[in-house]
Protein chains: 2
Amino acid sequence: MTISEVSKRCNISPDTLRYYEKAGLLLDVNRTAGGIRDYTEQDCTQIEFVKCMRSAGLSVEVLRKYFELFKRGKHTLKARRDLLATERKALQERFLELQGTLKRLDYKISVYDQAIASKNKELKF
Amino acid sequence: MTISEVSKRCNISPDTLRYYEKAGLLLDVNRTAGGIRDYTEQDCTQIEFVKCMRSAGLSVEVLRKYFELFKRGKHTLKARRDLLATERKALQERFLELQGTLKRLDYKISVYDQAIASKNKELKF
DNA sequence: ATAGCAGTTGGAGTTAACTCCAAGTCAAGC
DNA sequence: GCTTGACTTGGAGTTAACTCCAACTGCTAT
């Protein structure tokens with residue numbers, strides 16, 4: 001698969017794909033004789049993983065560390081597991097915080113609806 | 001309350017408080033005769049609101065718009081309500097996405113635990 | 001064999017959201 | 001009246017994560 005095919009399929013720009021590779025977020029992408037990237041299905045799966053983790057808020061740096069550990073071989077299995085567990089915990093916290101903020105927004109919106117219903121009474125903020 | 005008191009209480013740096021004010025995220029903070037900011041309880045409540053929304057991912061720009069509408073008076077009540085509803089919807093989406101990512105991470109961690117238990121069998125990534 | 005297009009690189013530019021800095025002001029204590 | 005320390009300002013600097021650019025290469029179809 002060429003970079004533009006992967007770009008469309010994963011909805012990530014070619015520039016970002018090259019950036020991720022340079023940053024160490026992709027394990028050795030194959031090249032054609034002419035030097036053009038030739039992605040495999042496996043690469044795509046990995047790219048989807050990176051995309052998913054990135055949009056959940058894991059930093060490029062953390063993912064770089066993860067793949068760096070990966071390249072060092074299987075004696076880093078536990079280190080990788082722990083890295084993921086740490087990130088999972090942080091995510092869980094942000095998840096709960098988000099839940100609270102959603103509730104707060106719901107409440108605020110309901111207060112607005114009441115204010116609008118009661119002849120446009122102004123609020124504090 | 002001085003800026004450093006609010007800073008400690010809300011756990012936001014004085015620089016950020018000034019930045020938020022300049023960006024239009026705080027409604028008219030009082031000043032002493034000497035020109036020093038003198039925050040009220042009400043200001044603190046608003047700062048907490050801003051902090052909460054920021055850490056949920058609402059942009060400074062969106063919050064600026066919200067408070068700009070506020071300053072225009074009560075004929076903007078519906079516009080403000082709608083702005084909050086739009087942000088709430090986006091947040092809800094990110095919330096669900098995060099939930100999925102948490103599950104994915106849980107699964108991946110369990111796969112790691114199995115790999116470690118089965119004499120350190122290496123994974124794809 | 002040449003035009004055109006998709007790909008390559010290193011490096012510069014952009015954006016959001018702070019964060020820091022220098023130069024100045026002011027009130028309080030010695 | 002002078003030092004000290006917290007405050008003020010405008011503006012410059014920083015960081016993460018892209019995003020864009022110019023110059024170049026190498027297939028492919030005419």
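Trainee: Which surface do the copies meet through, the same one or different ones?
Mentor: In this predicted model, 100% of the interface residues of chain A are also interface residues in chain B, so the copies meet through the same surface.

Trainee: And how does chain A lie on chain B when you superpose them?
Mentor: A turn of 180° with a shift of 0.0 Å along the axis lays chain A on chain B, and the RMSD is then 0.0 Å. The two copies are thus related as by a two-fold rotation axis. In chain A, the C-alpha nearest that axis belongs to F95(A), at 3.4 Å from it.

Trainee: What about T101(A), where is that found?
Mentor: T101(A) is part of helix α5 of chain A, which covers residues 77-117.

Trainee: Buried or exposed?
Mentor: T101(A) counts as buried, because its relative accessibility is 2%, and the cut-off for buried is under 20%.

Trainee: What is T101(A) in contact with, leaving aside its neighbours within four places in sequence?
Mentor: With those neighbours set aside, T101(A) is in contact with C52(B), M53(B), A56(B) and L91(B).

Trainee: Stepping back to the fold, how many helices and strands does chain A have?
Mentor: Chain A has five helices and zero strands, and from the N terminus on its elements therefore read simply α-α-α-α-α.

Trainee: What radius of gyration does chain A have, next to a compact globule of 125 residues?
Mentor: Chain A has a radius of gyration of 22 Å, whereas a compact globule of 125 residues would have one near 14 Å. Along the principal axes, the C-alpha atoms of chain A fill a box of roughly 75 × 35 × 20 Å. Of the 125 residues in chain A, 42% are buried, and among the contacts in chain A between residues at least 6 apart in sequence, 44% join residues at least 24 apart.

Trainee: OK, changing topic to the DNA: which residues come nearest to strand C?
Mentor: There are 17 residues around DNA strand C, and S4(A), R18(A), R37(A), D15(B) and R54(B) come nearest. Of the atoms of DNA strand C that come within 4 Å of the protein, sugar and phosphate account for 74%.

Trainee: Which polar side-chain atom lies 2.8 Å from a phosphate oxygen there?
Mentor: That one belongs to R54(B), and the phosphate oxygen is one of DNA strand C. An N or O atom in the side chain of Y20(B) is 2.9 Å from a phosphate oxygen of DNA strand C, and for the side chain of T2(A) the corresponding distance is 3.1 Å. The elements that give two or more residues to the surface near DNA strand C are α1 (3-10) and α2 (14-22) of chain A, together with α2 (14-22) of chain B.

Trainee: Which element gives the most?
Mentor: For the surface near DNA strand C, α2(B) gives the most, with four residues. By class, that surface near DNA strand C has five nonpolar, six polar and six charged residues.

Trainee: And strand D, which residues are closest there?
Mentor: DNA strand D is surrounded by 17 residues, the closest being Y20(A), R54(A), S4(B), R18(B) and R37(B). Sugar and phosphate make up 77% of the atoms of DNA strand D that come within 4 Å of the protein. A polar side-chain atom of R31(B) lies 3.0 Å from a phosphate oxygen of DNA strand D, while a polar backbone atom of V60(A) is 3.5 Å from a phosphate oxygen of that strand.

Trainee: Where does the largest share of the surface near strand D come from?
Mentor: It comes from α2(A), which supplies four residues of the surface near DNA strand D.

Notes. Residues are numbered from 1 along each chain as its sequence is written. Chains are lettered from A and ligands numbered from 1 in the order in which they are written. This is a predicted model: local features need pLDDT of at least 70, side-chain atom pairs count only at pLDDT 80 or more; totals for chains, interfaces and linings use all residues. Side-chain values use heavy atoms; hydrogens and water are left out. A residue is near a molecule or strand if one of its heavy atoms lies within 4 Å of it. A polar contact is a pair of N or O atoms within 3.5 Å; within protein, one must be able to donate a hydrogen and the other to accept it, and residues adjacent in sequence count only if both atoms are side-chain atoms. Ala, Val, Leu, Ile, Met, Phe, Trp, Tyr, Cys and Pro count as nonpolar, Asp, Glu, Lys and Arg as charged, and the others, Gly among them, as polar. Copies are superposed by least squares on the C-alpha atoms of residues with pLDDT of at least 70 in both. Contact means heavy atoms within 4.5 Å. The radius of gyration is taken over C-alpha atoms; the globule rule is 2.2 Å times the number of residues to the power 0.38. Buried means under 20% relative accessible area, exposed over 50%, partly exposed in between (1.4 Å probe, protein chains only).
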